Amino acid sequence: MSSVPKTFLTPEQYLEIERKAEFKSEYYNGEMFPMGEARPHNVIPGVHSLIKTNVSGQLYLQLRSRPCRVYGSDQRVSVSAGLYTYPDVVVVCGEPRLLDGEFDTLLNPTLIVEVLSPTTEAYDRGRKFGHYRNIESLNAYLMVGSELISAELYTRQPDNRWQLSAEASRLEDTFEIESIGCRLKVADIYEKVELGAL
């Protein structure tokens with residue numbers, strides 16, 4: 001019995017396909033991975049999206065008069081480890097560096113935010129975070145829970161190590177993202193989110 005060999009794509013082939021596609025796909029080491037996923041029965045529709053919107057909105061309000069930009073999950077990020085991905089929220093402070101003339105692939109994020117879901121949490125905490133740590137410009141990585149109230153902020157240290165610098169699990173909690181000069185209240189992150197679902 002013979003197996004069908006996989007076809008691997010170059011980053012250029014991936015970008016050509018992705019720029020014409022109706023649905024987003026991530027890319028890693030020659031393979032494309034569609035981002036659509038089945039919604040678990042225990043997650044209320046819109047929770048993930050509302051948390052992303054709340055985080056984006058709070059960051060935008062605090063950064064609007066500074067040389068920083070807040071992008072949503074349509075902004076593709078290129079990671080030097082051969083990964084092209086769409087974080088939930090991205091902040092760039094300073095001039096954005098883009099891959100090419102298409103202006104759709106960011107190279108220098110300052111902060112990346114991922115809203116955790118049951119199907120992606122292990123990846124977001126593990127391998128994906130490992131790839132993100134290779135981005136030289138990245139100073140902070142925030143993971144926000146969608147099943148329960150939780151936020152974890154990891155920051156790059158002067159010796160290039162990553163350290164858990166803030167944890168929050170109550171609506172009354174507040175934490176600082178020093179690299180971009182922002183303060184987030186957990187109550188604002190979960191505003192209008194159905195807490196019965198968390």
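## Exercises on strands, cores and rings

T105 in strand 7 is the bridge partner of R76. The model is predicted, so local features need pLDDT of at least 70, side-chain atom pairs count only at pLDDT 80 or more, and totals for chains, interfaces and linings use all residues. Residues are numbered from 1 along each chain as its sequence is written, and side-chain values use heavy atoms, with hydrogens and water left out.

**Exercise 1. Place the pair R76 and T105 in its sheet, and find what packs on that sheet.**

Step 1. Helices (H or I, at least four residues) and strands (E, at least two) are DSSP runs, numbered from the N terminus. By this count the chain has five helices and 13 strands.

Step 2. Two strands pair if DSSP finds at least two bridges between them. Strand 4 (residues 76–79) and strand 7 pair in the parallel sense over two bridges.

Step 3. The order 2-1-5-4-7 describes an open sheet of five strands with mixed pairing. Strand 2 (31–34) and strand 7 (105–106) each have a single partner strand, so one side of each is left without a neighbour in the sheet.

Step 4. Helix 1 (residues 11–18) packs on the sheet and touches strand 1 (25–28), strand 2, strand 4, strand 5 (83–85) and strand 7. Contact here means heavy atoms within 4.5 Å. The direction of helix 1 makes about 175° with that of strand 1; axes are lines fitted to C-alpha atoms, for helices over the stretch in contact, and angles run from 0 to 180 degrees between N-to-C directions.

**Exercise 2. Trace the six-stranded sheet from strand 3 through strand 6 to strand 8.**

Step 1. This open sheet of six strands has mixed pairing and the order 3-6-8-9-10-11. Its edge strands, strand 3 (68–71) and strand 11 (162–168), pair on one side only. Neighbouring strands are turned by 15° against each other on average, direction ignored.

Step 2. Strand 3 pairs with strand 6 in the antiparallel sense over four bridges, and V91 in strand 6 is the bridge partner of V70.

Step 3. Strand 6 also pairs with strand 8 (residues 111–116), in the antiparallel sense and over three bridges. There the bridge partner of V91 is L111.

Step 4. Is strand 6 largely enclosed or left open by the rest of the structure? Buried means under 20% relative accessible area, exposed over 50%, and partly exposed in between (1.4 Å probe, protein chains only). Four of the five residues of strand 6 (residues 89–93) are buried, so strand 6 is largely enclosed. Across the chain of 198 residues, 43% count as buried.

**Exercise 3. Describe the surroundings of Q163.**

Step 1. Q163 belongs to strand 11. Strand 11 pairs with strand 10 (residues 151–156) in the antiparallel sense over six bridges, and T155 stands opposite Q163.

Step 2. Leaving aside neighbours within four places in sequence, Q163 is in contact with L153, Y154, T155 and Q157.

Step 3. The relative accessible area of Q163 is 35%, so this residue is partly exposed.

**Exercise 4. Identify the nonpolar cores and follow L111.**

Step 1. A nonpolar core is a set of buried Ala, Val, Leu, Ile, Met, Phe, Trp, Tyr and Cys residues joined through side-chain atoms within 4.5 Å. The largest one has 27 residues, and those with the most contacts inside it are I51, L59, L111, L142, F175 and I177. Helix 2 (residues 47–63) gives the largest share of this core, five residues.

Step 2. With neighbours within four places in sequence set aside, the contacts of L111 include L59, V91, L142 and I177.

Step 3. A second, separate core has 16 residues, among them V90, L106, F129 and Y132.

**Exercise 5. Classify the ring pair Y132 and Y141.**

Step 1. Rings of Phe, Tyr and Trp (its six-membered ring) pair if their centres lie within 6.5 Å; planes under 30 degrees apart count as stacked, over 60 as edge-to-face and the rest as tilted. This rule gives seven aromatic pairs.

Step 2. For Y132 and Y141 the ring centres are 5.3 Å apart and the planes stand at 70°, so the pair is edge-to-face. Both Y132 and Y141 are buried.

Step 3. One aromatic cluster is formed by F129, Y132, Y141, Y154 and W162. R133 lies over the face of F129, at 4.5 Å from the ring centre; a charge sits over a ring if NZ of Lys or CZ of Arg is within 6 Å of the ring centre and within 35 degrees of the ring normal.
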